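Please open the model in your viewer and keep the sequence panel beside it, since each stop on this tour begins with a selection. The stops are meant to be taken in order.

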Amino acid sequence: MTRLIYVLNGPNLNLLGKRQPEIYGHETLADVERDCRALAGELGLGVRFHQSNREYEIIDWVHAAREDAAGIVINPAAFTHTSVAILDALNAFDGPVIEVHISNVHKREAFRHHSFVSGRADGVIAGFGTQGYLLALRRLAHLVGAAA
Ligand code: CA2
C-alpha cells in the first residue's frame, strides 16, 4: 500500500521564486511540488501538496491528514512563529511530522527563532533551501517504512 504524505505550505509561499530570491532562491512552489512528486514516486510514497495564505485551511488539511496520511511535511511560513492553533492540530495527528524552512531562520531576525511547531515536530530542517523538502520526504520514507 502506498503511504501518503501531506506537504503543507503556509502564507506567501505562493510567491516563491518570484520575489526575494536572495533569501528563498529561484525555484517556484510549482517546481518544489514537481520535485517532491518525483522523489515520492521513487520512495514509494504518495503526495498531497497544498499551500494556503489562510490559517484555517492549513488546520483543515492537518485534520484531513488524520484520516489518510502516514506523515506530514510542513512549512508553516510566518504561522510558525504565531500559531498555537496549527500546533494543536498537529498534536492531534499521530504520525511523524517534519518542519521545513527554506531559509536558516536562526540566522535571521529574533522573532523567527521561536517556532510553536518545533515542539511537536519529529525533525526540523532549516537553511537547506528548497532541498529541505526532499530531505524531509527521505526522512519520512524511513520513519513510515515506505515500500521502495
Ligand atoms: O524560511 C522559510 O521557509 C520560512 O518559513 C518562510 C516564511 C518566513 O516567515 C519564515 O520565518 C521562514 C516566509 C514565506 C514567504 O515566502 C516568500 C517567498 C518569496 C517571496 C516572498 C515571500
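The tour below goes from the sheet to the nonpolar cores, then to a helix and to three single residues.

**The sheet**

Begin by colouring the strands, and keep in mind throughout that this is a predicted model. Five strands make up an open sheet, which reads β2-β1-β3-β4-β5 in order and is paired in the parallel sense. At its edges you will find β2 (45-51) and β5 (123-126), each of which pairs on one side only. If you fit axes to the strands, neighbouring ones are turned against each other by 15° on average, with direction ignored.

Next, select residues 3-9, which are strand β1. How many of the seven residues of β1 are buried? Six of them are, so that β1 is mostly covered. Seven bridges link β1 to β2 in parallel, and Arg 3 is the residue that stands opposite Leu 45 in β2. Towards β3, with which β1 also runs parallel, there are five bridges; here Ile 5 faces Gly 71, and Val 7 stands opposite Val 73.

Now add residues 29-43, helix α2, which lies across β1 and β2 and runs at about 165° to β2.

**Two nonpolar cores**

Stay with Val 7 and display what surrounds it. Apart from its neighbours within four places in sequence, Val 7 is in contact with Val 47, Arg 48, Phe 49, His 50, Val 73, Tyr 133 and Leu 137. Three of these partners appear again in the largest nonpolar core, which has 26 residues and in which Val 7, Val 73, Tyr 133 and Leu 137 touch the most other members. At least two residues of this core come from each of β1, α2, β2, β4 and α5 (131-144). A second core, of 18 residues, lies apart from it, and among its members are Ile 59, Ile 72, Ile 74 and Leu 90.

**Helix α4**

Leu 90, one of the members of that second core, leads to the next selection, helix α4 (residues 84-91), where Ile 86, Leu 87, Ala 89 and Leu 90 are buried. Why do they sit on the same side of α4? They do so because the arc that they cover around the axis is only 160°. To see what covers these buried residues, show α3 (55-68), β3 (71-75) and β4 (97-101), which are included in that cover. Before leaving the helix, look at its N-terminal end, which is capped by Ser 83, with a side-chain oxygen 3.4 Å from the backbone nitrogen of Ala 85.

**His 81 and Arg 112**

Move to the loop between β3 and α4, where His 81 has its place. Is His 81 buried or exposed? Its relative accessible area is 15%, which is under the 20% limit and therefore counts as buried. The side chain of His 81 reaches the backbone oxygen of His 114 at 2.9 Å. Leaving out neighbours within four places in sequence, the residues in contact with His 81 are Phe 111, Arg 112, His 114 and Phe 116.

Take Arg 112 from that set and centre the view there, in the loop between β4 and β5. Arg 112 is buried too, with a relative accessible area of 19%. Beyond four places in sequence, Arg 112 touches His 81 and Val 105, while its side chain makes a polar contact of 2.8 Å with the side chain of Glu 109. A distance label between the C-alpha atoms of Arg 112 and Glu 99, which are 13 residues apart along the chain, should read 14 Å.

**Gln 51**

Finish in strand β2, at Gln 51, which is partly exposed with a relative accessible area of 23%. Which residues more than four places away in sequence does Gln 51 touch? They are Asn 9, Gly 10, Pro 11, Asn 12, Leu 13, Asn 14, Leu 29 and Trp 61. With polar atoms displayed, you will find one in the side chain of Gln 51 that lies 3.1 Å from the backbone oxygen of Gly 10, and a polar contact of 2.9 Å that joins the side chains of Gln 51 and Asn 53. As a last label, connect the C-alpha atoms of Gln 51 and Glu 99, which are 48 residues apart in sequence and 15 Å apart in space.

How values were computed:
Residues numbered from 1 in each chain as written. Predicted model: local features only at pLDDT ≥ 70, side-chain atom pairs only at ≥ 80, totals over all residues. Heavy atoms only, no water. Buried < 20%, exposed > 50% of the residue type's maximum accessible area, 1.4 Å probe, protein only. Helix = DSSP H or I, 4+ residues; strand = E, 2+ residues; numbered from the N terminus. Arc of directions from axis to C-beta. Contact = heavy atoms within 4.5 Å. Polar contact = N/O pair within 3.5 Å; in protein donor to acceptor, adjacent residues only side chain to side chain. Pairing = 2+ DSSP bridges. Axes fitted to C-alpha atoms, helices over the stretch in contact; angles between N-to-C directions. Core = buried A, V, L, I, M, F, W, Y, C linked by side-chain atoms within 4.5 Å.
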